[in-house]
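Got the viewer open and the selection box ready? Let's walk through a handful of stops, one selection at a time.

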Amino acid sequence: MYFVDNKGITDPRINLAIEEYLLKTMDVEKDPFLLFYINEPSIIIGKNQNTAEEINTDYVDSNGIHVVRRLSGGGAVYHDLGNLNYSFITVDDGNSFRNFRKFTEPVVRALHSLGVNAELSGRNDLIVEGRKVSGNAQFSTRGRMFSHGTLMFDTEIDAVVSALKVSKEKIESKGIKSIRSRVANISEFLKEPMTVTEFRSAILASLFEGEENIQYWELTDQDWENIRELSKERYANWDWNYGKSPKFNVKHSHRFPVGGIDVRLQVENGIVQDANIYGDFFGVGDVSEIEQAITGIKYERASLDEAISNFDIPKYLGGITKEEFLKLIY
């Protein structure tokens, strides 16, 4: 495994571009890659989420918080300079996507080495004493994937609460009263205090089973030029991060064990004129293909069923069945 040093960059638009660039250009079949990054205050939106409904716009705007959409599914997360992010970039061997335990186990061991008794909880969270300290997400394309996660070391919890909108349904499904009661900083559980820089070094050394075993991969000047161009084209692009939010006259949502799915349809004269699928599920493929397939279709069960008949719905939508999706949209 190679470690890529991001040179202390804290701009999320650059860091997410580094991650995508590594995924799509490096020879991960030979060796996996590991990337660390720390972002200045940002909200990182899941690929399939409706940005406007995930953020507290007034707070975000008044505090100059970046809002950037990532490639992976899952829910929105808050990053700041007290939050360490890691990303394992590797092959998708058919057994790794949605296998969060495979990628979080080394991180759990690293935290245990610091006296922090973390464990995987639910589908993709790391918890300590019942409180969340890490969320994880994944993305797969063309036989490659990354599994990335947050490590809340010394994050401003009040900012997390203020910047994000969390649906009442999601909170109730987890049996919690508020974000504040659910999350914690790793620094709270350390026996001896340390800085986030020291924490980063300790986690890195543990993942490589010793500092002397760390193999570094240096990006070239051309790599950096390509990364900056990718950042400009995607992660600094308003259309990617926000997009236009059309009005819908049909709204159906449900929280499945695999995550929440929210479908918005504009139906005129019995025909679906526009369709959007949002959620914090982890799927493979682009849900816009399903959206396009049901656009122009009669809003009736049989027609919708036929329109999606060629799609592997569990693959696209994180594991729900075709019947569950039909029941959701009609």
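**Stop 1: Arg 13**

Select Arg 13: with a relative accessible area of 27%, Arg 13 is partly exposed (buried means under 20%, exposed over 50%, partly exposed in between, using a 1.4 Å probe and protein chains only). Before going on, note that this is a predicted model, where local features need pLDDT of at least 70, side-chain atom pairs count only at pLDDT 80 or more, and totals for chains, interfaces and linings use all residues. Residues are numbered from 1 along each chain as its sequence is written, and side-chain values use heavy atoms, with hydrogens and water left out.

Arg 13 sits in helix H1 (helices are DSSP runs of H or I with at least four residues, strands are E runs of at least two, both numbered from the N terminus). Show its surroundings and, not counting residues up to four places away in sequence, you'll find Arg 13 touching His 66, Val 68, Ser 231, Tyr 235 and Ala 236 (contact means heavy atoms within 4.5 Å). Now add Asn 237: this residue is 224 residues from Arg 13 along the chain, yet their C-alpha atoms are separated by 9.4 Å.

**Stop 2: H1 against H9**

Select residues 12–25 for H1 and residues 221–235 for H9; the two helices pack at about 115°, axes 8 Å apart. Axes here are lines fitted to C-alpha atoms, for helices over the stretch in contact, and angles run from 0 to 180 degrees between N-to-C directions. That angle makes H1 roughly perpendicular to H9 (under 35 degrees counts as roughly parallel, over 145 as roughly antiparallel, 65 to 115 as roughly perpendicular, the rest as oblique). Among the residues making the contact are Ile 14, Ala 17 and Tyr 21 of H1, and Trp 224, Ile 227 and Leu 230 of H9.

**Stop 3: H4 and its kink**

Jump to residues 100–113, which is H4: 14 residues reaching 20 Å from first C-alpha to last, close to the 20 Å expected at 1.5 Å a residue (the expected span is 1.5 Å times one less than the number of residues). Where is the kink in H4 centred? Pick Pro 106: the bend there is about 25°, taken as the angle between axes fitted to the seven residues ending at a position and the seven starting there.

Colour the buried residues of H4, including Phe 100, Phe 103, Pro 106, Val 107 and Leu 111. Their packing partners include strands E6 (83–91) and E9 (131–141), along with helix H8 (196–207). Just past the helix, look at Gly 115, which has a positive phi near 85°.

**Stop 4: H4 against H8**

Keep H4 on screen and add H8: they pack at about 120° with axes 9 Å apart. That makes H4 oblique to H8. On the H8 side, the contact uses Phe 199, Ile 203, Ser 206 and Leu 207.

**Stop 5: two positive phi values**

Most residues other than glycine have a negative phi. Which way does Arg 142 go, positive or negative? Its phi is positive, about 50°. Arg 142 lies in the loop between E9 and E10 and is exposed, at 85% relative accessible area.

Next, select Glu 209, in the loop between H8 and strand E11 (216–217). Glu 209 is not a glycine either, and has a positive phi of about 55°. At 69% relative accessibility, Glu 209 counts as exposed.
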